[in-house]
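Trainee: I'm new to this one and would rather get to know a single corner well than skim the whole thing. Could you pick a part and take me through it slowly?

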Amino acid sequence: MLSHTFDDMKIKFEKSQSSKSSGKEEVANYLVRSRGFTRIHLTGPLNAETATADDGSAEVTELTFKSAKKILEYITPRWRTNFVTTDVASPIDLYLLWKRPFVLVVGIDAPTGIRYRRYCIKQEASTKRALSLEQFVDIDDSVMYTCESPPTGVQTVDSLSLGMAAAALAGSSRDTLAAEMALRAESEPQPLLSPIIRNASDAHELNLKRVLSSANVSIANTFPTQEGLYQYLDRIDLTNSERIRPSWDTYFMLLSELASHRANCMKRKVGCILVKDNQIIATGYNGTPKGITNCSEGGCPRCNDGTPCGVSLDHCLCIHAEENALLEAGRGRVRNAEGVVLYCNTCPCLGCAKKIVQVGVKVVVYSKGYGMDKLTLKLFKEANIVVRQHTPPTLSMEIGSP
Ligand SMILES: [Zn+2]
Ligand SMILES: [Zn+2]
Ligand SMILES: [Zn+2]
């Protein structure tokens, strides 16, 4: 149970006790040291002792709260400040954070063997007896899949501290990041059917696999050194505000990616969104025309006989995503094409490019390359169409490697 008193207190920063590359704590330390985040602690049975400790030797002020209510009251008006916590230990708490628009949940994981070796080093340093690999894996599985209780006398939190738990950091869309920590008020009904909590028992059991798969960003911390991890976090621009609230380009690119899920062409999944003044005027995905058997059900012989991509397109029955979007919009909606932007998750083929030029679209944004990008881009250049390649950061699953 979490404490329900509402006193908050400022405490001094306690220097990290974690061994090098130990996962979530290292990511949190990075955010504090390199990005000016303020560490926030939640007091509760799992961390009350360390969180309230004050040895007087600290350099940086930290905050410890005993309830979500106090944290919310404190943090909401301080949205210009960035906060980070690694103390989220229940699905309910995590869900309450996750659903807020200015919170980013970062899932941090590492291969079991690496985590076990880090754990052993840590135990050695503290002269504690280490678990066997088998015991370690048993605990790990119980936390990951809620498959069975950990062996008696071993706290689940032990494995959480090995660097595989979710860390939450938060921010606003206004370039600066703010944060909110939310703990469940006793009276609040349990949030069900969320990506993290699907039934009543989930609310009280940490199913880390599900929690990690719901994270906004996933990091596999395979770095042997802290320096390597920090450089990697710099490289992926972890605190990019687009991860919190997407720009227009990211927003429409994500929507075109979503449209591509409806594609039925055997060749690839392409989605297209046609926008005028940032309002959607048409959407499209690739596949056979209305009333014709879906390509994926044998509707197009060319797509189904193994013909390489981009070859024999004149025998193809499939309509491309861009064509479908342009057909749906018609001349009417694209008339006065000023402000019309075509978003496509794949660079248009030459056939589509001709039609895009002819309709009068002024800007094309694409994400992935295709087989004839050079020809397409040459045509667009001649037609004075502005082209941007844009890959949303939130689409990517970040996997660290040394
Ligand atoms: Zn097809
Ligand atoms: Zn086809
Ligand atoms: Zn095309």
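Mentor: Let's start at Asn384, which counts as exposed because it has 8 C-beta neighbours inside 10 Å. The cut-offs go like this: with C-beta atoms placed from the backbone, a residue is buried if 20 or more others lie within 10 Å of its own, exposed if 12 or fewer, and partly exposed in between. Before going on, a word on ground rules: this is a predicted model, where local features need pLDDT of at least 70 and side-chain atom pairs count only at pLDDT 80 or more, while totals for chains, interfaces and linings use all residues. Residues are numbered from 1 along each chain as its sequence is written, and chains are lettered from A and ligands numbered from 1 in the order in which they are written.

Back to Asn384: it has a positive phi of about 60 degrees although it isn't a glycine, and it lies in the loop between H14 and S12. (Those labels are DSSP runs numbered from the N terminus: helices are H or I with at least four residues, strands are E with at least two.)

Follow the loop into S12 and you reach an open sheet of 5 strands, in the order S9-S8-S10-S11-S12, with mixed pairing. Strands S9 (279–285) and S12 (386–389) are the edges, each pairing on one side only; two strands pair if DSSP finds at least two bridges between them. From one strand to the next, the twist averages 15 degrees. S12 pairs with S11 (residues 363–368) in the parallel sense, over 4 bridges, and there Val363 stands opposite Val386 of S12. Helix H10 (residues 248–260) packs on the sheet, touching S8, S9, S10 (340–346) and S11, and its direction makes about 140 degrees with that of S8. A contact means that the C-beta atoms of two residues, placed from the backbone, lie within 7 Å.

Now look at S8 (residues 271–276), where Leu274 sits. Leu274 is buried, because 27 other C-beta atoms lie within 10 Å. Leaving out residues up to four places away in sequence, it touches Ile281, Ala282, Ala325, Leu326, Ala329, Val340 and Leu342. Ala329 is 55 residues from Leu274 along the chain, yet their C-alpha atoms are separated by 7.9 Å. In the loop between S8 and S9 you find Asn278, another non-glycine with a positive phi of about 60 degrees. Asn278 counts as exposed, because it has 10 C-beta neighbours inside 10 Å.

Finally, go back to H14 (residues 373–382), the helix before Asn384's loop. Its axis comes within 9 Å of that of H13 (residues 350–359), and the two cross at roughly 15 degrees. Axes here are lines fitted to C-alpha atoms, for helices over the stretch in contact, and angles run from 0 to 180 degrees between N-to-C directions. H13 and H14 are therefore roughly parallel to each other, the label for angles under 35 degrees (over 145 is roughly antiparallel, 65 to 115 roughly perpendicular and the rest oblique). Leu350, Ala353 and Val357 of H13 make the contact with Leu375, Thr376, Leu379 and Phe380 of H14. By class that's 6 nonpolar, 1 polar and no charged residues, where Ala, Val, Leu, Ile, Met, Phe, Trp, Tyr, Cys and Pro count as nonpolar, Asp, Glu, Lys and Arg as charged, and the others, Gly among them, as polar.
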